[in-house]
Every structure is written in C-alpha cells, then in structure tokens.
Amino acid sequence: MRELPPAVRPVVDFLNTVDVEDGTDVFGDGPEALANWLVEKRLCHSRPSVTAADVQAAIDLRRGLRGLALANTGEPVDPEDVRAAQEVLAALPLTLRLPAGTDAAKDGPDLAASGGSFSKALGRIAAAYFAASAGGDWSRVRRCPAHDCAWVFWDSSKNASRRWCSMRVCGNRAKARAFTERRATRPA
C-alpha cells in the first residue's frame with residue numbers, strides 16, 4: 001500500500017473543497033472563506049487579501065484539476081474545464097527553479113510562484129500538481145466517478161487499480177445499479 005506523499009496533499013485537499021454529496025463548497029462563501037482555507041491549510045502564512053476574481057480563479061483551477069483526476073479513472077475530460085484551469089495557471093507568475101548545491105541530484109527542480117500571498121498559494125497548489133505529475137504520482141490521484149459523490153482520493157492500492165473512493169459505498173452502489181439494469185433487460 002502506497003501512502004499519499006506529503007507533497008501531493010495540498011492538491012488533494014484543494015480538490016476536495018467541494019463536496020458534491022453534501023452540496024457544499026468551501027469557496028462558495030466568497031473571498032473570506034477562501035482566505036481562511038488558505039491559512040488553515042498553511043498555504044499562506046498570514047491572511048491574504050482575496051477578491052471575488054481570486055475566488056473564481058481558484059474555482060476554475062480546481063475544476064480543471066478535478067477533471068484531470070476524473071480522467072485517472074478512465075472517464076472523459078471536459079476540455080472547457082482544463083482550458084479554464086490553464087488560463088489561471090498562465091496568469092500565475094510561476095518560475096521553475098533548478099536545484100543547486102550539494103543536494104542538487106536528489107532535490108530535483110522546484111516550481112515556485114512569486115507575487116502576492118494568494119498567487120503564491122495557488123502556485124503551491126500548481127507546484128503540488130506538477131510534482132505529482134513529474135514524479136508519476138498524479139495517476140494515483142483520482143476522482144470518484146459516482147456523480148453523487150465525486151470525492152478526490154489517493155489510490156493507495158498496490159497495483160494502482162482502485163476506481164471508487166469507497167468500494168463499500170460508491171462501488172457497491174454502482175454494482176447494484178448495474179445488476180438492476182442487467183436484470184431489467186433480461187428476457188422474461
């Protein structure tokens with residue numbers, strides 16, 4: 001069983017700021033809620049100044065990355081979601097820094113954002129996605145394909161074959177629906 005790497009945790013937490021099953025969205029309460037979440041998750045050291053446009057940027061980035069996480073379960077990606085996230089990333093002042101010093105061989109490159117606290121926080125999320133992709137871990141970040149769930153989870157299975165956030169809940173529901181559909185189409 002592979003544990004969620006600490007470097008990937010920020011992007012998984014970010015993607016789960018919307019809960020489809022409960023109908024809640026951390027960012028739905030506006031700039032103050034987003035600022036509080038960024039501090040709570042230690043993506044900002046002090047409370048950042050966040051605008052309504054910043055909230056929309058965070059939602060767009062989250063939407064695109066959630067789509068890519070869903071693609072890891074074999075589902076199609078909405079190109080509009082990815083385009084919206086790409087626009088957010090293009091607006092961020094991101095810098096790829098090469099490693100230096102005696103630990104250069106094991107440290108690898110670093111993706112960092114400059115600008116204000118909010119830009120740096122979104123940059124840290126982008127960097128977590130970049131690190132997961134570059135390190136081969138992104139394929140284990142999955143979004144549950146159940147439309148009434150859509151929770152993002154880390155596939156900790158040995159062979160990276162987990163499809164559902166919970167086999168007991170979402171997987172079982174899907175199997176029960178498939179069984180009912182097969183039974184309904186069987187000739188009498």
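Buried means under 20% relative accessible area, while exposed means over 50%. Keep these cut-offs at hand for the exercises below, which explore a predicted model.

**Exercise 1. Decide whether Phe14 and Phe27 are buried or exposed.**

Step 1: Look up Phe14, whose relative accessible area is 1%. This value is under 20%, so Phe14 is buried.

Step 2: Do the same for Phe27, where the relative accessible area is 1%. Phe27 is therefore buried as well.

**Exercise 2. Classify the ring pair of Phe14 and Phe27, and find where its two members sit.**

Step 1: Recall how such pairs are described: by the distance of the centres and the angle of the planes.

Step 2: The structure holds four aromatic pairs. In one of them, Phe14 and Phe27 have ring centres 5.9 Å apart, with their planes at 40°. Stacked needs under 30 degrees and edge-to-face over 60, so this pair is tilted.

Step 3: Now place the partners. Phe14 lies in helix α1 (residues 9-15), and Phe27 in the loop between β2 (24-25) and α2. They are 13 residues apart, and the pair links distant parts of the chain.

**Exercise 3. Find what the pair of Phe14 and Trp37 adds to the picture.**

Step 1: The ring centres of Phe14 and Trp37 are 6.1 Å apart and the planes stand at 50°, so this pair is tilted.

Step 2: Here helix α1, with Phe14, is linked to helix α2, with Trp37, across 23 residues. Both Phe14 and Trp37 are buried.

Step 3: Put the pieces together: ring pairs join Phe14, Phe27 and Trp37 into a cluster.

**Exercise 4. Compare the surroundings of Arg42 and Ala150, two residues with positive phi.**

Step 1: Start from the general rule that most residues other than glycine have a negative phi.

Step 2: Check the angles. Phi is near 60° for Arg42 and near 65° for Ala150, both positive.

Step 3: Locate them. Arg42 belongs to the loop between α2 (31-40) and α3 (52-71), and Ala150 to the loop between β5 (141-143) and β6 (152-154).

Step 4: Apply the cut-offs. Arg42 has 71% relative accessibility, so Arg42 is exposed, whereas Ala150, at 4%, is buried.

**Exercise 5. Describe the setting of Asp60.**

Step 1: Asp60 sits in helix α3.

Step 2: Its relative accessible area is 16%, so Asp60 is buried.

Step 3: Leaving aside residues up to four places away in sequence, Asp60 touches Asp81, Ala84, Ala85 and Val88.

Key:
Residues are numbered from 1 along each chain as its sequence is written. This is a predicted model: local features need pLDDT of at least 70, side-chain atom pairs count only at pLDDT 80 or more; totals for chains, interfaces and linings use all residues. Side-chain values use heavy atoms; hydrogens and water are left out. Helices (H or I, at least four residues) and strands (E, at least two) are DSSP runs, numbered from the N terminus. Buried means under 20% relative accessible area, exposed over 50%, partly exposed in between (1.4 Å probe, protein chains only). Contact means heavy atoms within 4.5 Å. Rings of Phe, Tyr and Trp (its six-membered ring) pair if their centres lie within 6.5 Å; planes under 30 degrees apart count as stacked, over 60 as edge-to-face and the rest as tilted.
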